[in-house]
Amino acid sequence: MSAATQSKLSTALPLVLTRAALSGAALECAAGLVSVQEVVSALAQVGFGIEATRVLAHALPKREAVWWACMCAAHTAPPDLPEADRKVRELAENWVRQQNMDFARAAMEEAKRAGFQSPEAWAGVSAFWSGDSLAPAGALTVPPPPHLTGVAVAGAVALASVRTDASRQLQRLAMFLQSAQDIAVGGHGRLPPEAT
């Protein structure tokens, strides 16, 4: 593992595993492993793709994790994606670029309009939960619990993996894991739009 990877995936493995809320079988698979990278590889090799994405959702820094959620959502977005979903993903991407609470709050409002039903909506929630405060603008700051970003990102990635065609989930998860690995070493993690 390169130094760049280590710097991006710097959250302590025991904390990541606790936050990822893995099943007993997935935890057994991770037993004795010492790095996030090793755990993700081991989980993916034995068919725990969703669990591997949850580990990465909690291991990546917030900004990179939100970007990953956006990339996964964009990959499986249908051509007729509703306007609210398109807009919430754009707002989440804008938050990644500037970490501005105005973008975070706007993303959460758009996620509400989208009904919290899509990967894009959960990418927007992850941007909001990554911000400085859960409180409305001008109110006393209420910092979000640190694990919430990973929860929302994991939700976005899971929803994207089964959108419109659940039979593609394994193939999509493999691509999503590659995207996260690219982001972890400073890449863009971009995925091409999925062929329909």
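Hi everyone. Before we start, one definition: when I say helix, I mean a DSSP run of H or I with at least four residues, and the helices are numbered from the N terminus. Please also keep in mind that this is a predicted model.

Let's begin with the largest pocket. Its volume is about 220 Å³. Which elements give two or more residues to its lining? They are α6, residues 62–76, and α7, residues 83–98. Of the elements, α6 gives the most, with three residues.

If you have the structure open, you can pick out the lining residues by name. They are Lys-8, Arg-63, Glu-64, Trp-67, Val-96, Arg-97, Ile-183, Gly-186, Gly-187, His-188 and Arg-190. How do they divide by type? Five are charged, three are polar and three are nonpolar.

Now let's stay with helix α6 for a while. It has 15 residues, and from its first C-alpha to its last it reaches 22 Å, close to the 21 Å expected at 1.5 Å a residue. Is this helix mostly buried or exposed? Twelve of its 15 residues are buried, so the helix is largely enclosed by the rest of the structure. The buried ones include Trp-67, Trp-68, Met-71 and Thr-76. You may remember Trp-67 and Glu-64 from the pocket: they are among its lining residues, and they are also on the list of buried residues in α6.

Two cysteines are on that buried list as well, Cys-70 and Cys-72. How many disulfides are there? The count comes to zero. Cys-70 is in no disulfide, and the nearest cysteine sulfur to its own, that of Cys-72, is 9.4 Å away. To count as a disulfide, two cysteine sulfur atoms have to be within 2.5 Å. Are these cysteines buried or exposed? Cys-70 counts as buried because its relative accessibility is 0%. Cys-72 also has a relative accessibility of 0%, which is why it counts as buried.

One more residue from this helix: His-75 lies in α6. With a relative accessible area of 2%, His-75 is buried. Try finding Gly-131 from there. His-75 and Gly-131 are 56 residues apart along the chain, and their C-alpha atoms are separated by 25 Å.

Next up is helix α11, residues 169–184. It has 16 residues and reaches 22 Å from its first C-alpha to its last, close to the 22 Å expected at 1.5 Å a residue. Its buried residues include Leu-173, Phe-176, Leu-177, Ala-180 and Ile-183. Here is a general point about helices that may help when you look at a list like that. An α-helix has 3.6 residues a turn, so residues three or four places apart point the same way. Ile-183 links us back to the pocket, as one of its lining residues. After α11 comes Gly-186, which has a positive phi, near 95 degrees. Gly-186 is another of the pocket-lining residues.

Speaking of positive phi, let me show you two residues that are not glycines. Gln-99 has a positive phi near 45 degrees, and it is found in the loop between α7 and α8. At 37% relative accessibility, Gln-99 counts as partly exposed. The other one is Phe-116, with a positive phi of about 55 degrees. Phe-116 lies in the loop between α8 and α9, and it is partly exposed, with a relative accessible area of 31%.

Moving along to helix α9, residues 119–129, we meet Glu-120. Glu-120 is buried, with a relative accessible area of 0%. What joins the side chains of Glu-120 and Arg-163? A polar contact of 2.9 Å.

Finally, helix α10, residues 148–162, has two residues to look at. Ala-158 is in this helix, and it is partly exposed, with a relative accessible area of 26%. The C-alpha atoms of Ala-158 and Gln-169 are separated by 8.9 Å, and these residues are eleven apart along the chain. Gly-150 lies in α10 too, and at 4% relative accessibility it counts as buried. From Gly-150 to Arg-105, 45 residues apart along the chain, the C-alpha atoms are separated by 18 Å.

If you take one picture home, let it be α6: it gives the most residues to the lining of the largest pocket, and twelve of its 15 residues are buried. Thanks for listening!

Definitions and conventions. Residues numbered from 1 in each chain as written. Predicted model: local features only at pLDDT ≥ 70, side-chain atom pairs only at ≥ 80, totals over all residues. Heavy atoms only, no water. Expected span 1.5 Å × (residues − 1). Buried < 20%, exposed > 50% of the residue type's maximum accessible area, 1.4 Å probe, protein only. 1 Å grid on protein atoms, 1.4 Å probe; cavity = no way out; pocket = protein on both sides within 12 Å on 5 of 7 lines; lining within 4 Å. Points joined across faces, edges and corners; volume = space filled by probe spheres on them. Nonpolar A, V, L, I, M, F, W, Y, C, P; charged D, E, K, R; others polar. Polar contact = N/O pair within 3.5 Å; in protein donor to acceptor, adjacent residues only side chain to side chain.
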